[in-house]
Amino acid sequence: MKRTRIAALALALATAAAALAPALGQPATAADGAYLQDPAGGEKTMKSQWTKDEMHKLEGQLRFYPGIRYKTVTRPGPSGAPDYERQVADPKTLAWQPSFDFGWAVSDSKLVKKAVTTKDGRHPIVLHAVLRSADHAKAVEVRQELADRPATGRAKVPGGKRIACDTGEYTVEWSVTRSGYGTLTGTLSWDSSCEQHRTAFSSENGKV
């Protein structure tokens, strides 16, 4: 009976840990993590601009994924079941690993300005983003030139660098360019504090 209770306790702990994993910033793809979006709004909310003749429109959106990362350490099980070791996050290893998810749409008016638009053809799309620290230094920069892409699409570009926790406020500057249609730009702010994740890793959430 005692073994049954211990096994049940271990199972409950494992289930709780699994439930907490997303909230704790488990290393994940951009699709699984939290993100900041410019412009703010729903999934399909986009910034837009028309060409001077008002016959062609370029739309764009950026989703910035901070991408929290950490290593795990082995902890013994609770009193009464010390053999049930578990892997928990090590707060000392917390760091950010940003990625940038761009969305675009290219529209053309066939007859009337800013009306009766279609999204056809294949297009060259240039994606660019810079993550700047408070002193305007470049912390991360990405640029990707896409050829022969559909009129609507998305592309994720990894930042390729880690950013240390608690290094202040950052600004993301981004742009989507379609030759002949122009360049659409935007900015958003990001705070590199890891305090929320450290709290999640605290003893109240089973770190000890």
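A contact here means heavy atoms within 4.5 Å of each other. On that footing, the predicted model leans on long-range pairings: among contacts between residues at least 6 apart in sequence, 68% join residues at least 24 apart. As for the secondary structure, the protein has two helices and 15 strands. Of its 208 residues, 39% are buried. The accessible surface comes to about 11,900 Å², and carbon and sulfur atoms account for 53% of that.

One of the sheets is worth walking through. Four strands make up an open sheet with antiparallel pairing, and the order reads S11-S10-S14-S15. At the edges sit strand S11 (138–150) and strand S15 (182–191), each of which pairs on one side only. Neighbouring strands of this sheet are turned against each other by 15 degrees on average, with direction ignored. Within the sheet, strand S10 (residues 122–132) and strand S14 (residues 169–178) run antiparallel and are joined by eight bridges. As for the register, Val 126 has Thr 177 of S14 standing opposite.

Next come the rings. The structure holds five aromatic pairs. Phe 64 and Phe 100 make one that is tilted, with 5.5 Å from centre to centre and 50 degrees between the planes. Phe 64 belongs to strand S3 (residues 56–65) and Phe 100 to strand S8 (residues 99–109), so this pair ties together parts that are 36 residues apart in sequence. Both ends are out of reach of the probe: Phe 64 is buried at 0% relative accessibility, and Phe 100 is buried at 0% as well.

Phe 64 also pairs with Trp 190, and here the ring centres are 5.4 Å apart with the planes at 65 degrees, so the pair counts as edge-to-face. The cut-off for that label is over 60 degrees. Since Phe 64 is in strand S3 and Trp 190 is in strand S15, the pair ties together parts 126 residues apart in sequence. Phe 64 and Trp 190 are both buried. S15 is also an edge strand of the four-stranded sheet, which puts the Trp 190 end of this pair in that sheet. Taken together, ring pairs link Phe 64, Trp 96, Phe 100, Tyr 170 and Trp 190 into a cluster.

That leaves the charged side chains. Side chains of opposite charge can pair when their charged atoms come close. The count of salt bridges comes to eight. In one of them, Lys 47 meets Asp 38, with the closest N and O atoms 3.3 Å apart. Lys 47 is partly exposed, at a relative accessible area of 26%, whereas Asp 38 counts as buried because its relative accessibility is 8%, under the 20% limit.

Another salt bridge joins Glu 54 to Lys 114, where the closest N and O atoms are 3.8 Å apart. This pair links distant parts of the chain, 60 residues apart: Glu 54 is in the loop between strand S2 (47–50) and S3, and Lys 114 is in the loop between S8 and strand S9 (117–118). Glu 54 is partly exposed at 30% relative accessibility, and Lys 114 is partly exposed at 46%.

A further salt bridge runs between Arg 143 and Glu 145, with 3.4 Å between the closest N and O atoms. Here both partners are exposed: Arg 143 has 54% relative accessibility, and Glu 145 has a relative accessible area of 59%.

Note on methods. Residues are numbered from 1 along each chain as its sequence is written. This is a predicted model: local features need pLDDT of at least 70, side-chain atom pairs count only at pLDDT 80 or more; totals for chains, interfaces and linings use all residues. Side-chain values use heavy atoms; hydrogens and water are left out. Buried means under 20% relative accessible area, exposed over 50%, partly exposed in between (1.4 Å probe, protein chains only). Accessible areas come from the Shrake-Rupley method with a 1.4 Å probe; for residues, only the protein chains shown count as cover. Two strands pair if DSSP finds at least two bridges between them. Axes are lines fitted to C-alpha atoms, for helices over the stretch in contact, and angles run from 0 to 180 degrees between N-to-C directions. Rings of Phe, Tyr and Trp (its six-membered ring) pair if their centres lie within 6.5 Å; planes under 30 degrees apart count as stacked, over 60 as edge-to-face and the rest as tilted. A salt bridge is a side-chain nitrogen of Lys or Arg within 4 Å of a carboxyl oxygen of Asp or Glu.
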